[in-house]
Structure formats: structure tokens, C-alpha cells
Amino acid sequence: MAADRIFERINQNTDPNIEFKVTVNMVEIYMEKIQDLLIAKKDRGAPLKIRENKGDVYIEGVQQKVVENYDQIAKWIEFGDKNRAIDETAMNKTSSRSHTVFTIEIVKVTTFQGKKSQVTSEINLVDLAGSEKTGQAKTSGDRLAEGNAINLSLSALGNVITALAQKSQGKKVVVPYRDSVLTRML
């Protein structure tokens, strides 16, 4: 597993001038709002906001949990999964009502001649909620609104992928990243 390899490589480091820090976070996009899944539902405040600083997109206020091995990563994934928005539809007893993003962030700090430099890498594991046909799912009320939000963000993702494909062929297109929270975050 990739997470095991990360820690194997870190543990092979013998250079005292190199330090590593690994953190994780887990969020869901529910009804176009970001919720921190590493905070119990009863303890959450307002939805989190996406911010941008010098071209870097980040989620303001998301909880970063320090991890030292794969077992700790698995523990946080399990904790976050228990906080996800899940409900029943006619098609699925435990239907995910949101998209989920689990991020592993690896920071390498190197000290050379008294100065520190930092390199940051992220691995994003994305679990997209499936698109819904409202007639088959027999949704109404809140479930219908959730399904519509899911379909809207999946359509926006499809539009971004199409635009990126066109751009890779040399066409001048604007990539519509800002059309949904999902595409802006990714």
C-alpha cells in the first residue's frame, strides 16, 4: 500500500538535517458545502471555506491530524467514514450523499547551512458520490436536493475534464474550475 511505502521511506532517512511530518485530513462536500469529517457532527461549526493564496487552493480551518504509520491513517479514515452524510434511497440502503476527499500531506524540511527549505506533497483520495436518476431512486425533499447537488458537481467535473482534454489538444479554452466546490477543491 502507498501509505506503508511513505513511512518505509521516511524511516530509512538517517540524515539529521532532514525531517518529515505527515498529516491527514478528510472532508466531504455535502450540498456544495465543505464539512470536516475529522470533527464529530455535533462539534462542527459553520461549513469550511475554500481560500486561495498565491495560486495555492486550500480549505481554511480544516483539521490536520499528525500520523506516524498506516494504522493511524486507517484509524482516521474509519473515524471520518462514521461522520459522512449517508442516507437511504430506493436504490441503496446506505447511499453516500456527498463527495469525500481524504488527503495525506507529506512535508520534508531540509536544513542546510542554518537555513530551512520545505517541500510539500499531497495525495488526495477522492470518493465521488454516484450520479442519481431521481425517478429510479424515488427521492424527494432533502434526498432530491442532495441528489441534485451531487449531479451538478459531477456535471461540473465532466466539463472540467472536457476542457482540459481540449486544452491538451492546443485549443484555447477556459477551464471552468470554479463552477462547483468539488472542481475548485480538486
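In the hairpin of strand 1 and strand 2, methionine 31 adopts a positive phi near 55°. Two strands meet here with 2 residues between them. The model is predicted. Strand 1 covers residues 18–30, and strand 2 covers residues 33–36. The two pair in the antiparallel sense, over 4 bridges. Tyrosine 30 has lysine 33 of strand 2 as its bridge partner.

Strand 1 has further partners. Strand 8 runs antiparallel to strand 1, and 12 bridges join the two. Within this pairing, valine 22 is bridged to isoleucine 106 of strand 8. Strand 5, residues 65–66, is also antiparallel to strand 1 and is joined to it by 2 bridges. Here valine 24 has lysine 65 as its bridge partner in strand 5. In a regular strand, side chains point alternately to one face of the sheet and the other.

These pairings sit within a chain of 5 helices and 9 strands. From the N terminus, the elements follow the order α-β-β-β-β-β-α-β-β-β-β-α-α-α. The chain has 186 residues, of which 35% are buried. Contacts between residues at least 6 apart in sequence were also classed by separation. Of these, 59% join residues at least 24 apart.

Lysine 108 offers a local view of such contacts. This residue lies in strand 8. Its relative accessibility is 33%, so lysine 108 counts as partly exposed, between the 20% and 50% limits. Lysine 108 and lysine 21 are 87 residues apart in sequence. In space, their C-alpha atoms are 6.7 Å apart. With neighbours within four places in sequence left aside, lysine 108 is in contact with Ile18, Glu19 and Phe20. Its contacts also include Ser117, Gln118 and Val119. Ile18, Glu19 and Phe20 fall in strand 1, which spans residues 18–30. Ser117, Gln118 and Val119 fall in strand 9, which spans 115–127.

Strands 1, 8 and 9 also contribute to the largest pocket. Its volume is about 550 Å³. The lining comprises 17 residues. Val57, Tyr58, Ile59, Glu105 and Glu122 lie nearest the pocket centre. Strand 1, strand 4 (56–60), strand 8 (99–112), strand 9 and helix 5 (181–185) each supply at least two lining residues. Strand 4 gives the largest share, 4 residues. By class, the pocket lining divides into 8 nonpolar, 5 polar and 4 charged residues.

The model also holds 1 cavity of 30 Å³ or more. The volume of this largest cavity is about 40 Å³. Its lining returns to the hairpin: Ile29, Tyr30, Met31 and Glu32 are among the lining residues. Arg97, His99, Glu146, Ala149, Ile150 and Ser153 also line the cavity. Strand 1 and helix 4 (141–168) each supply at least two of these residues. The largest share, 4 residues, comes from helix 4. The cavity lining has 5 nonpolar, 2 polar and 3 charged residues.

Aromatic packing was examined last. A pair of aromatic rings is described by the distance of the centres and the angle of the planes. The count comes to 1 aromatic pair. Tryptophan 76 and phenylalanine 79 form this pair, with ring centres 5.6 Å apart. The angle between the planes is 75°. The pair is edge-to-face because its angle lies over 60 degrees. Both residues lie in helix 2, which spans residues 70–82. They are 3 residues apart, about one turn of the helix. Tryptophan 76 has a relative accessible area of 16%, so it is buried, under the 20% limit. Phenylalanine 79, at 32% relative accessibility, counts as partly exposed.

Notes. Residues are numbered from 1 along each chain as its sequence is written. This is a predicted model: local features need pLDDT of at least 70, side-chain atom pairs count only at pLDDT 80 or more; totals for chains, interfaces and linings use all residues. Side-chain values use heavy atoms; hydrogens and water are left out. Rings of Phe, Tyr and Trp (its six-membered ring) pair if their centres lie within 6.5 Å; planes under 30 degrees apart count as stacked, over 60 as edge-to-face and the rest as tilted. Buried means under 20% relative accessible area, exposed over 50%, partly exposed in between (1.4 Å probe, protein chains only). Two strands pair if DSSP finds at least two bridges between them. On a 1 Å grid over the protein atoms alone, a cavity is a set of points where a 1.4 Å probe fits but cannot get out, and a pocket is an open set with protein on both sides within 12 Å along at least five of seven lines; lining residues have an atom within 4 Å of a point. Grid points are joined across faces, edges and corners, and a volume is the space filled by probe spheres set on the points. Ala, Val, Leu, Ile, Met, Phe, Trp, Tyr, Cys and Pro count as nonpolar, Asp, Glu, Lys and Arg as charged, and the others, Gly among them, as polar. Contact means heavy atoms within 4.5 Å.
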